[in-house]
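Reader: Can you walk me through this one? I'd like to start with side-chain packing.

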Amino acid sequence: MEFLAAGFIEDHIVPKFNYWIYVILMMIGLYAMITKNNLIKKLIGMAVFQTAIILFYVSIGVKEESGIPILSHGQHHAIVDEGRPSEEVITKEKFANPLPHVLMLTAIVVGVSTLGLALAITQRIYISFNTLEEDEILDQLRRGGHD
Amino acid sequence: MTEHYPVLILLVPLFGALLATLLGSERQVACWFTALIALGGSSILAIGNICALLASAEGELRYRMGGWNENSGYEVGIELRIDMLAALVVAAVVIVGFINTIFAKTRVTGEMREKAAFFYALNQLLIVGLCGIVMTNDAFNLYVLIEITSLTSYALIAMGNRRAALSSFNYIIMGTIGASFYLLGVGYLYIKTGTLNIDDIHTVLQSGNLWGDTSITIAFILIMLGLWTKMALFPLHGWLPNAYSYAPGVVGSFMAPLMTKVMVYVMLRIMLWLFGGEYIYSSGLVWGELVIWMSIIAIVAGSFLALARTDIKKMLTYLIVAEVGYMVGGAWLANGAGLAGSMYHILSDAAMTFCLFLAAAIVILRTGDHRLTAFNGLFRSMPLTMIGFTVGGLSMIGLPPTCGFFSKWYLISGGIEAGHWSYVAALLFSSLVNAVIFFRIFERAYFGNLKGVADEQLPDDGDCAPLLTLERVPFSMLIPLFIAGASVLLVGIYNNTLVSWLKAAMPPL
Amino acid sequence: MTMKFFGFVAVVVVGILLLAATGDFPEWGDPHSPASEGQVSSFYIERTVNETKVPNMVTAVLADFRGYDTMFETVVIFIAGIGIIAVLRNFGDGAAHVPDPPEPDEGSDLIVRSTCRLVVPLIQLFALYVVAHGHHSPGGGFQGGVMLGASYILLALACGLPAAKRRMGERKAITLAASGIIIYAGWGVACMFCGGNFLDYASLDPLLPGDKAMARSHSMLVVEIGVAFTVTAIMFAIYSNLSTRGRLEKGL
Amino acid sequence: MIWQFDIIILVFMVVAAIIALRVKDLLGATLVFGIYSFLICLLWAEMGAVDVAFTEAAVGAGVSTVIMIATVFATARRSRD
């Protein structure tokens, strides 16, 4: 039994540690979004939820032994000025995959835009209801009469 | 020039929106005029696009952004792809946006004043987002555009009263969960295929025979969950009724016909072009059955909930929930008639929902009452508006000359062909309930006693203050209603042509 | 309580679903996974420098290969900005609001203000460097724009919102934000006038110095500047609206 | 990429996320969320995604935190959960 558990950890958790953590973070965020009563807490949950997805994407782009996806000065010089073929100068394995990074730049921007708009709406709600607790707001609406 | 039509359809309203913000709310009429010109120009381009498509031999147009050609079989840039289905939906989107802008003028002056410029800008950006969603062929670009439409709709809905702000907040939470699930699903596809172009993903899935992989299945489930949240399929519909009914009148009238329909279009796009019919319908027979049952529940529950409502807009929003059930069910019947019905219903539902929401907005505005009692005696006092409402209502019920009849016809024949009798029964049941709902209203409107406008002022949050005198409705509101009513009939009469175009666009099952 | 239970069930179900998929993924950091070895990614790594002469692949992919995405990303920011104004901005016509006592918003004490005056120009200078040098090092229009916006936010925090508003008024911010997107999309339209597709920077070759690849490189700088305009203005607009509940009178 | 760092930061991130969601003082929660953002920024840098890290530092840890604090000051600071 103990042996089996160790094997499971070695095969499934250690090499995919990032993927496990992203699921955990995502579930923390999702749980907060569904169950929290305070509107700002819900939004913090939403931000955690979104960063978890970003973590997943960035993890896709990583390669063992890879560096940042920017050419060094020497490589750039060799290709652009000396005209050496780029396949010769660049080894693919040395560079992280740039595409997920680009996608996630966009996703971060979308995330902060959503957060900003949601905070503005939260303030609108606070101005009208004078509270940020969802149950108190619903209570006020119920006492206020019509549906 | 013709080859640039697809991107111009997007760019014209985009520049219109920027110009409206630059003009500022002090020059409200100029903003309105800008929006009108931009969306009108975009409508003309969309119709030109349909003509170009009919003239072309391949039956689809492709437009490569940045001029990046494919590299050893894979797209490195972003590509637009327009087939007949996309062209028709885009045309529907921009035309609805255009007509609604005509309609909006009177309301915006009354409701928004200093924020008019922002309303017109957000309105046009929403249209840009919807058109982009329909035309793009890149799975990630689709996400960005979905977020554009979501953010604009959060802001537009929250411009209403305090209930609207709360509904908008709930919509943000649900909408973000939906969009994030979609994004995650795309990530799963990317990790397995290494590309983001919808056609290329399909090719890799096919050539690598990746169908059986757990992660592909889960990617499919995640994408569908995300899209169903966005389109408000029954158990996930919680955000829709409040959001659309508390939104300012002019916002609800174009968001209701467009948003859910475009999401249904995205679902069809993902099902048929990204995963492909052979995967969805063969290996997925088990879940196909499950989804059809979900749609049956959506149809029945949506109809019942609509029947129980006394608030006009709430009732109409629950009808939308039922209509989403029609389309989802039709898409999963796995035969040509069901799919054609589902695609055709996107267009016809957009037309009839638009017609009903416009009529309802006029009625609420003029009577100052947002409950069904508002309709008492209206055939006498506002016959023109009621004619528009009747056309929309008859189409919802499904009577012959209207488009609602034909879309139900195709869906039912699809259901019979698939031997799915419970789906057929649900459709007929829903027609029956719609008949009860609408004839109840027609009865009020014919035989009910017209009450004075101001004899029952509801303690409302300010959305319904009667702006216009009882005598007449301005032409800027009646003409859009008539165009919408006419389009309900036109889409119905030309159903043969439309369906043959749609069938040509369908990939082989 | 029911909500907690429902939430817990939903989380457990989705969590199991997601964990089930991880078993199927290539190992983390595997250089031979389809995503890392695929044609698209290889093309970006190996060919970017030939096609665009830009050593930072992320900038090149962001502003050129997927420039259409980035244009809409800028639009998203713009929507957030005008959406916040549309939702929250109070133009002061409501009778409910009583004007604040006439206590001028001077900001914080002398040390903070002086330090801020010293630091803000440096931040702005560095932000401009980040925008302009995004081709060769991490950075670009978005990051630089956020930093420029942050410098105004710092000014508002230290010297009071009126001081920052004198430099970046509301009207000015909206104009700047809209003109950023006009620069971006307008540059794309210019490509159409020169005979290419939308955002096909290579078609601007006759108008710009250098060859086709250099035209792409220069055009990227232009669109990054457009992005920076929008982001700067909107970041400050978001902050100034949120910190004053949309009244734009007195900051934090 | 150095996997030891990776694991340490990830564990800290989970802890920070839980604390941010459990603290009843919203100002505190927001600040812990700022810490979370900085950790995640560190993680991006460690994974070679320098542009993403730069953006996250400017947006997530910078502007997001500031606008959240602004909202907390403009509304209520106490939360019941």
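Author: Sure. This is a predicted model. Take D:Trp44, which touches A:Thr51, A:Ile54, A:Leu55 and A:Val58 in chain A, leaving aside residues up to four places away in sequence.

Reader: And which residues of chain D does D:Trp44 touch, with those sequence neighbours left out?

Author: D:Ala49, D:Val52, D:Ala53 and D:Glu56.

Reader: Which residues have the most contacts inside the largest nonpolar core?

Author: D:Trp44 is one of them. The others are B:Tyr188, B:Phe275, B:Trp332 and C:Phe198. That core has 369 residues.

Reader: Which helix gives the largest share of this core?

Author: Helix H10 of chain B, residues 249–283. It supplies 23 residues.

Reader: What does the second, separate core include?

Author: Nine residues make it up, among them A:Ala78, A:Ile79, A:Ile90 and A:Phe95.

Reader: Stay with chain D for a moment. What is its secondary structure?

Author: Three helices and zero strands. Along the sequence the pattern reads α-α-α. The C-alpha atoms fill a box of roughly 40 × 20 × 10 Å along the principal axes.

Reader: How much of chain D counts as buried?

Author: 63% of its 81 residues. Among contacts in chain D with a separation of 6 or more, 66% join residues 24 or more positions apart.

Reader: Over to chain B. Where is B:Leu189?

Author: In helix H6 of chain B, residues 162–193.

Reader: Why does B:Leu189 count as buried?

Author: Because its relative accessibility is 0%, and buried means under 20%.

Reader: What does B:Leu189 touch, sequence neighbours aside?

Author: Beyond four places in sequence, B:Leu189 touches B:Gly194, B:Ile201, B:Ile216, B:Ala219, B:Ile223, B:Leu274 and B:Phe275. B:Phe275 also belongs to the core residues with the most contacts.

Reader: How far apart are B:Leu189 and B:Leu205 in space?

Author: 9.1 Å, C-alpha to C-alpha. In sequence, 16 residues separate them.

Reader: Now charges. What's the situation at B:Glu147?

Author: B:Glu147 is buried yet has no salt bridge. B:Lys230 is the nearest side chain of opposite charge, 5.5 Å away. A salt bridge needs nitrogen and oxygen within 4 Å.

Reader: Which helix holds B:Glu147, and what does B:Glu147 touch?

Author: Helix H5 of chain B, residues 139–158. Outside the four places on either side in sequence, B:Glu147 touches A:Val110, A:Thr114 and B:Ala179.

Reader: How many salt bridges are there between chain A and chain B?

Author: Zero. The buried area there is about 3,300 Å², and carbon and sulfur atoms give 75% of it.

Reader: And how many between chain B and chain C?

Author: One salt bridge. The side chains of B:Asp138 and C:Arg66 meet at 2.7 Å, N to O.

Reader: What area is buried between chain B and chain C?

Author: About 5,100 Å². Carbon and sulfur atoms give 73% of that.

Reader: Last topic, helix geometry. How far does helix H1 of chain B reach?

Author: Helix H1 of chain B, residues 5–23, reaches 27 Å from its first C-alpha to its last. That is close to the 27 Å expected for its 19 residues at 1.5 Å a residue.

Reader: What comes just after H1 of chain B?

Author: B:Gly24, which takes a positive phi of about 85 degrees.

Note on methods: Residues are numbered from 1 along each chain as its sequence is written. Chains are lettered from A and ligands numbered from 1 in the order in which they are written. This is a predicted model: local features need pLDDT of at least 70, side-chain atom pairs count only at pLDDT 80 or more; totals for chains, interfaces and linings use all residues. Side-chain values use heavy atoms; hydrogens and water are left out. A nonpolar core is a set of buried Ala, Val, Leu, Ile, Met, Phe, Trp, Tyr and Cys residues joined through side-chain atoms within 4.5 Å. Buried means under 20% relative accessible area, exposed over 50%, partly exposed in between (1.4 Å probe, protein chains only). Helices (H or I, at least four residues) and strands (E, at least two) are DSSP runs, numbered from the N terminus. Contact means heavy atoms within 4.5 Å. The expected span of a helix is 1.5 Å times one less than its number of residues. Lys and Arg count as positive and Asp and Glu as negative; His and the chain ends are not counted. Buried area is the accessible area (1.4 Å probe) that two parts lose on being put together, summed over both.
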